[in-house]
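Here's a quick tour of a two-chain model, written for someone who likes to poke at coordinates. Have a look at it first, then we'll start from one residue and work outwards.

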Amino acid sequence: MQAWQDFIPGQWMLEVNVRDFIQKNYKPYDGDNGFLAGPTEKTNRLWSRCRELLALERSRAGVLAIDSDTPITITSHVPGYIDREQEIIVGLQTDAPLKRGLNVYGGLRTAVKACKAFGSEPDEQIVNFFKLHRRTHNDGVFTVYTPEMRTARRVGIITGLPDSYGRGRIIGDYRRVPLYGVDFLIQTKENDRQMLNPDMNSATIQIREELFDQIKALEDLKIMAKTYGLDISVPAVNAREAVQWLYLAYLAAIKQQNGAAMSLGRATTFLDIYMERDLQKGLITEAEAQELIDQLVIKLRLVRHLRTPEYNDIFAGDPSWVTEAIGGSGIDGRHQVTRTSFRMLHTLENLGTAPEPNMTVLWSSRLPRPFVEYCAHLSIKTCALQYENDDIMREYYGDDYGIACCVSGMRLGREMQFFGARCNLAKLLLFAINGGRDEITGEQVGVEMPVYEADCLDFEEILRRFKIQMNWLTKLYVNTMNVIHYMHDKYAYESVQMALHDSTVHRYMAFGIAGLSVVADSLSAIKYARVKPIKDQRGLITEFKIEGNFPKFGNDDNRVDELAVEIIKTFTRKLKKQPTYRDAEHTLSILTITSNVMYGKHTGSTPDGRKKGEPLAPGANPLHGREENGALAACNSVAKLPYHYARDGISYTFSAVPRTLGQTDAEMVKNLAAVLEGYFNQEAHHINVNVLNLETLQDAMEHPENYPDLTIRVSGYAVHFTKLNREQQEEIIMRTFYKRL
Amino acid sequence: MKGRIHSVDTFSTVDGPGIRTVIFMQGCTLRCQYCHNPDTWNPSAKTAKEYSAEEITALIVRNSNYFAASGGGVTFSGGEPLLQYEFVREVLSRCRQQQIHTALDTSLYVPPETVRAILPYTRLVLADIKHIKAEKSRQITGQSNQLNLANLQLVNRAKVEIWIRYVIVPGLTDAETDLLQMAEFISPLDSVSRIDLLPYHTLGRHKWELLGLKYQLPEVDPPTPSHLEKIQNALQNVSGKPVYILH
């Protein structure tokens, strides 16, 4: 077969096994970035057209256009182009670039609300049809939610749940389409279907129905490709087709689903095999190889979903988390850096900096030095990269996993997750003090107990109460998630993404906590200083008087860092007691996205001295201004948080002023690489790196029009700084930027 | 033995090679007019923290990973670290046992015996020259530079690597003849491997006010890049040493 000519044969030829194909065929690249090519004329012309459209989008409150008349599906829209003459890689979500589709299946109410927020009216017939005949995910969830679940959600103890938007965090193995062609994949699914247990129970029936939908989705994928004149029923025969087939598979996913995070996966090493073959044969030049990646990335930068304004509070800056994992190491000891890893990163130079795709460097001690230096160089120049520790993840996910959203690892095509947003642990601590009553509204939400009585908070007593509240919360949290994911599977099933998975998948259920450092510091204050509670007229404790000093998270001080570790372990253990929908494996993230601002707003004063309404720290970061011993002490504290108990990821954002890294470019690169090495060698999980001057951000707040591309990493993803609201911008400026006078 | 420490910074890239953990010791006898850390002067300041040699060593060792990756290590600064030289020596000795690169950032305005006692324990001395002329040194620091220059010779003879640090304050430390005289002084010192110029800035000024001190230095603008470059070239030519401008 021409498509597989010159590839080293293996198991991958007989069954769907992309990893086997990669391992047998990829060539690690140890060299530097010297070989890279600049953008071609076509790319330049195409991207400059996109820049005009992006400027227009910014000028229209962030939404260029909405197609509110056509519920979006894989095949709903006629082909769309940006500039057909210049496009090497084709395919758009709707019939025009940046035009957002109406996704109803996630939630009718949400879809209508999102349309209206941007001055558009959804088609009346569609709305009526869904109202009368078709329940959506959001409605499904709310028909089942208990009063307790609604209250927990309303007061903000559990928030941001994917009950009114697509859950996302599922990564189709899009590489399967170029490698096998869709027909092979359909055949595989048909075979799987025949092999199912014939004894009908609800689990088997559900799987049978899902497989039916998956096959239908694959058929639709072919039809959609056909409209672009492409036959993807067969494998890709060259690099251009490989990129195109891969993108079409991804495109089908983002047409069908508006999940919060829609990762691309781990494509570069896979694509490199096709690039190398074509380069060897002289079929393409380096400039053409780069052009394919540049044009793919242009498409990924245009991914858009229609969102409500509320959504922006928790996921600010209109992100789509087209996360692409780059690098890492194989279990055989070879690193997985290829020339195409460089080409992907190089798009930040060819097209300028941007938050998408969310480039995630899988750090390993085995990465070749020139690659690490190139990444560090780009971090300093663009702030667009995040790094995650492949050396600790490989143990759990092998060497062919991707990152969903920000920090969630999963084996590609073999594992998926049920995304569960996060709960507010800082608020839960206040519940422990106030006997389960919400400190803002005063209503009884958590486990009822007397409001704390003594003059001074006692560590053992508060911890005892905290654990009781945790028992309640973990149970409620798991149950709420069970409802959500049952309904999501039922009403908004990701059939094309799941079609690009094995038929038997391992499922995670990913919980999250916000406010870790505030809780650790609060417990530390209670333990090592004297914290006197102050009651308000309702009899609730809403202020605290702190006497004396106490160790604070972020200073590499075990006395408090161990409290943070203990909180994570305890919470995870409690979660695991509660059975999950489809026997998913419980995991936990320490990640807030940008919701730390909104969570803080809804959280009263805490015993660590943080005042009511002030933001919590993002992810696993120390609370701003509490790091007294400089950046690496903060890194060391975060590095102590145990990944084994927080398998859904531990997000840490490091921001430094350029000069603190060194006096020359070479020194800065060397020192940043050393920070990464020193941090990850302690088994830390994740780091966002921002290198920029505070003045730049301040100026960008005043003159956003001058900074359309200014990118900054927040909690596990990157955003255009000017797309954040003022509160979120201020919170970022408040964060500790490491610098010396 | 306890040391009185003003603060710790685990991430410096200017106080010696690679990534440094810098220990700022409390107390200084100089009163430099441009000092940006006047809060380190008072040796008995209540804000200082006390650490045992063991505790501070443990804190330093925690960063060994970063030292190894960057060729960095620990730097004692201040204040004047040599005012607590017994403590500093103890910690440096412990660090050297752990193969950590050691450096001292000192004014060298201390008795020669102190310098002699500490030298075997440090691999690098970041040595200030406040001013090459005795009377101007007195004006800037309140003390003559005799000890400073003699100690510099002493360190040089002991063959411990030296980086000279010199603050450029327009109108005060940038007279051409003075700079040339300093360059000629440095030129024969074989242990000096580089000269760092620190352009004066006013970012520390608010600390003086917080401490109720009167900032005596007249309003001067920080030196311009072209002025700094001129000084850099002149010093480089005469001293024969590489000169860096730190920002």
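Is Thr653(A) buried or exposed? Keep in mind as you look that this is a predicted model.

## Starting from one residue

Thr653(A) turns out to be buried: 25 other C-beta atoms sit within 10 Å, and 20 or more is what it takes to count as buried, so it qualifies. The residue belongs to strand β16 of chain A.

Who are its partners further off in sequence? Leaving out anything up to four places away, Thr653(A) touches Pro618(A), Gly619(A) and Asn621(A), along with Asn688(A), Asn690(A), Arg713(A), Val714(A) and Ser715(A). Take Gly619(A): 34 residues separate it from Thr653(A) in sequence, yet the two C-alpha atoms are 7.8 Å apart in space.

## A helix that is boxed in

Strand β16 (653-656) of chain A also shows up in the surroundings of helix α23(A), whose buried residues pack against it. That helix covers residues 631-639, and nine of its nine residues are buried, so the rest of the structure largely encloses it. The buried set runs through Ala631(A), Leu632(A), Ala633(A), Ala634(A), Cys635(A), Asn636(A), Ser637(A), Val638(A) and Ala639(A).

What do these residues pack against? From chain A, the list has α21 (558-576), β15 (649-650), β16 (653-656) and α25 (665-680). Chain B chips in too, with β1 and α2.

## Where the chains meet

Those two chain B elements come back at the interface. In terms of contacts, 22 residues of chain B meet 25 residues of chain A. On the chain B side, the elements giving two or more residues are β1 (2-12) and α2 (64-70), with β1(B) supplying the largest share, six residues. Sorted by class, that side has nine nonpolar, eleven polar and two charged residues.

## Chain A as a whole

Zooming out, chain A has 27 helices and 19 strands. Its radius of gyration is 25 Å, which agrees with the value near 27 Å for a compact globule of 741 residues. Along the principal axes, its C-alpha atoms fill a box of roughly 80 × 65 × 50 Å. Buried residues account for 59% of the chain. Of the contacts between residues at least 6 apart in sequence, 80% link residues at least 24 apart.

Chain A is split into domain 1 (2-134 + 165-174 + 259-407) and domain 2 (419-650), and their centres, taken over C-alpha atoms, are 32 Å apart. Across the boundary, 20 residues of domain 1 are in contact with 21 residues of domain 2. On the domain 1 side, α13 (309-314) and α16 (390-397) of chain A are the elements that give two or more residues. That side has twelve nonpolar, four polar and four charged residues.

## A hairpin in chain A

Strand β7(A) covers residues 401-404. Tyr401(A) and Ile403(A) point one way while Gly402(A) and Ala404(A) point the other, and all of them are buried. The strand runs antiparallel to β8(A), residues 408-411, and four bridges join the two. One facing pair is Gly402(A) and Met410(A).

Three residues lie between the strands of this hairpin, and Cys405(A) takes a positive phi near 60°.

## Chain B and its sheet

Chain B has nine helices and nine strands. Its radius of gyration is 17 Å, close to the 18 Å given by the globule rule for 247 residues, so chain B is as compact as a globular protein of that length. The C-alpha box is roughly 45 × 45 × 35 Å along the principal axes, and 47% of the residues are buried. Among contacts between residues at least 6 apart in sequence, 74% join residues at least 24 apart.

How are the strands ordered in the sheet? The open sheet of nine strands goes β3-β1-β2-β4-β5-β6-β7-β8-β9 (chain B), with mixed pairing. The edges are β3 (49-52) and β9 (243-245) of chain B; each has a single partner strand, so one side of each has no neighbour in the sheet. Ignoring direction, neighbouring strands are turned by 30° against each other on average. At the β3 edge, β1(B) and β3(B) run antiparallel and are joined by four bridges, with Lys2(B) opposite Ser52(B) in β3(B).

Definitions and conventions
Residues are numbered from 1 along each chain as its sequence is written. Chains are lettered from A and ligands numbered from 1 in the order in which they are written. This is a predicted model: local features need pLDDT of at least 70, side-chain atom pairs count only at pLDDT 80 or more; totals for chains, interfaces and linings use all residues. The radius of gyration is taken over C-alpha atoms; the globule rule is 2.2 Å times the number of residues to the power 0.38. A residue is buried if 20 or more other C-beta atoms lie within 10 Å of its own, exposed if 12 or fewer, and partly exposed in between; C-beta atoms are placed from the backbone. Two residues are in contact if their C-beta atoms, placed from the backbone, lie within 7 Å. Ala, Val, Leu, Ile, Met, Phe, Trp, Tyr, Cys and Pro count as nonpolar, Asp, Glu, Lys and Arg as charged, and the others, Gly among them, as polar. Two strands pair if DSSP finds at least two bridges between them. Axes are lines fitted to C-alpha atoms, for helices over the stretch in contact, and angles run from 0 to 180 degrees between N-to-C directions. Domain bounds come from an automatic or database domain assignment.
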